[in-house]
Amino acid sequence: MFLFLFQKPDLFRTQCLFLRLIPQNSPARNILKFLVLPSRMFLVLTILLLWMSGSSAASFNLTLPHQHPDPDSVADELQRTVNASVWRRQMLSESKDQTSSCLTGNPIDDCWRCDPNWAANRQRLADCGIGFGRDAMGGKGGKIYIVTDSSDSDPTNPTPGTLRHAVIQFEPLWIIFSADMNIKLKYELIINNFKTIDGRGANVHITGGGCITIHSVSNIIIHNIHVHHCKPSGNANIRSTPSHVGHWGLSDGDGISIFDSRKIWIDHCSLSYCKDGLIDATMGSTGITISNSYFSHHDKVMLLGHDDKYTQDSGMQVTIAFNHFGEALSQRMPRCRYGYIHVVNNDFTAWEMYAIGGSARPTINSQGNRYTAPVDPNAKEVTKRLDTAETEWAAWNWRSEGDILVNGAFFVPSGAGLSTQYGKASSVEPKSVALINQLTMNAGVFGAPRYNVGQGIVYQGFNGSNGGDDNSDGDDDGGYGGNTTINNNPIYGNGGGSNDGYHGMIFKGDGYRSSSLSSSSNLCIQIIIILYIVKNYSSLSTL
């Protein structure tokens, strides 16, 4: 089509056609409408601006380079995977095949747990991902790094054998633990590219300052870890790679903070009692799956999106699957801005304010979840549009399909189907919610006790106060306590992996660091190009 137009230019027809390709809200569109330029020059200018504007019709997208072009297809594929896993379990059960005893229908767990020698093939887990984070490789293909030291005494020069020393390395690493550990961080733990933190075979708790920070990196897997009692820390120098120590400001006290990162998978973690969010993903992060995890005892559970003005989060795509949102949760399960969020086959026990909230027109695709409303008659609604008039949010694409609503819960859908940016929030028929118990039965860290309603949680060393020093070590731990003890026994026996430790590893050059143009920078470049071409149009028109 472009070649035809260059051969037979028609000024009015060409300009109208190309203006339709520029996004409606792009400043470049408004500028072009008022330019009277020779046809060929208009074509050159428009193609440049189309390339920079992030239109879905363009092949290049500088501002949203990592989003999946068809998010509905990812949702469809996830449901097909669940259906196949459930069907396989049913067929083997009917045939009395002993293999069926370890199958749950959960496609992630069934992918690796039935292998009696899983500990010798830990990295198979990287092939079991689903949803938008399914391409997260973690440390696949890298060496096994065994954490033998639970200390975190010097974040600028981590001791070999500590978790901090492992996560900052340049090369891909699959990180495991030699024994049960309570790792109390001094400052936030900054993870480098291509790392897996694999807690299987040990009972690993991460607490303290930070806690886990995934900042401008890719390919991270965090599996089978307790994350709790995280508090703000920082204004300190912290090593983020073997060759770089930088000053980091005060952290928010998130359990896991995902910032400007992609290909992230958080699986089978238990999160509670943090100062800010349990999991926050912001600043253009995308390609994220949060699965099989247990959330409890917290106010603002999960934030997806930086703020309503940060349009880079339009490319955020997150899968939330097979999780149990347990007791004493208030809101944000999740709270979304922009992006496409697939919430599928989760169990929402209760909430105090709402379950799923949002602003800035996110797409919410809710499928096959169980929403159990609280007793409060004023808090029965699953959804909440924040700081937005109904005249605006009525067009947002929020859809409920196959969800079961318990104790008076109700989901308020919106949108008229197709969305110009995300497409219709629809997929193959979700698996019956009657299987929610089966799919979420192992949510959280393997082997941890289920958190029965009304019993709460107590972690050893934390007294359950709401402030001050929780564990009598002289540090103000923030006091986010509870009252149920977590089992400290290892689930599968200690170790269980390769004996290749951190000794003798060969470290390579710096890893990937993603970057993106801000909206204001992009606009400035567009204006400069326009002015330059207008000024020199006579030479361009002779092309």
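Which helices and strands do the buried residues of α5 pack against? In this predicted model, the partners are α6 (107-112), β20, β24, β27 (363-367) and α9 (436-439). Helix α5 itself covers residues 71-94. Its 24 residues reach 35 Å from the first C-alpha to the last, close to the 34 Å expected at 1.5 Å a residue. The buried positions of α5 include P71, D72, V74, A75 and D76 towards the start of the list, followed by L78, Q79, V82, S85, V86 and L92.

Two of these partners, β20 and β24, also pair with each other. Strand β20 (residues 317-321) is largely enclosed by the rest of the structure, because five of its five residues are buried. Q317, T319 and A321 point one way from β20, while V318 and I320 point the other way. On pairing, β20 runs parallel to strand β16 (residues 286-291), with four bridges joining the two. The pairing of β20 with β24 (residues 340-344) is likewise parallel and involves five bridges. V318 is a handy residue to follow here: I288 stands opposite V318, and in β24 its bridge partner is I341.

Turning to the nonpolar cores, the largest has 65 residues. Those with the most contacts inside this core are L163, F177, I212, I214 and F295. For I212, leaving aside residues up to four places away in sequence, the residues touched are L189, I191, I206, I222, V227, D254, G255, I256 and S257. A second, separate core of 24 residues includes L125, I144, I146 and L439. In soluble globular proteins, nonpolar side chains tend to be buried together.

Notes: Residues are numbered from 1 along each chain as its sequence is written. This is a predicted model: local features need pLDDT of at least 70, side-chain atom pairs count only at pLDDT 80 or more; totals for chains, interfaces and linings use all residues. Side-chain values use heavy atoms; hydrogens and water are left out. A nonpolar core is a set of buried Ala, Val, Leu, Ile, Met, Phe, Trp, Tyr and Cys residues joined through side-chain atoms within 4.5 Å. Buried means under 20% relative accessible area, exposed over 50%, partly exposed in between (1.4 Å probe, protein chains only). Contact means heavy atoms within 4.5 Å. Two strands pair if DSSP finds at least two bridges between them. The expected span of a helix is 1.5 Å times one less than its number of residues.
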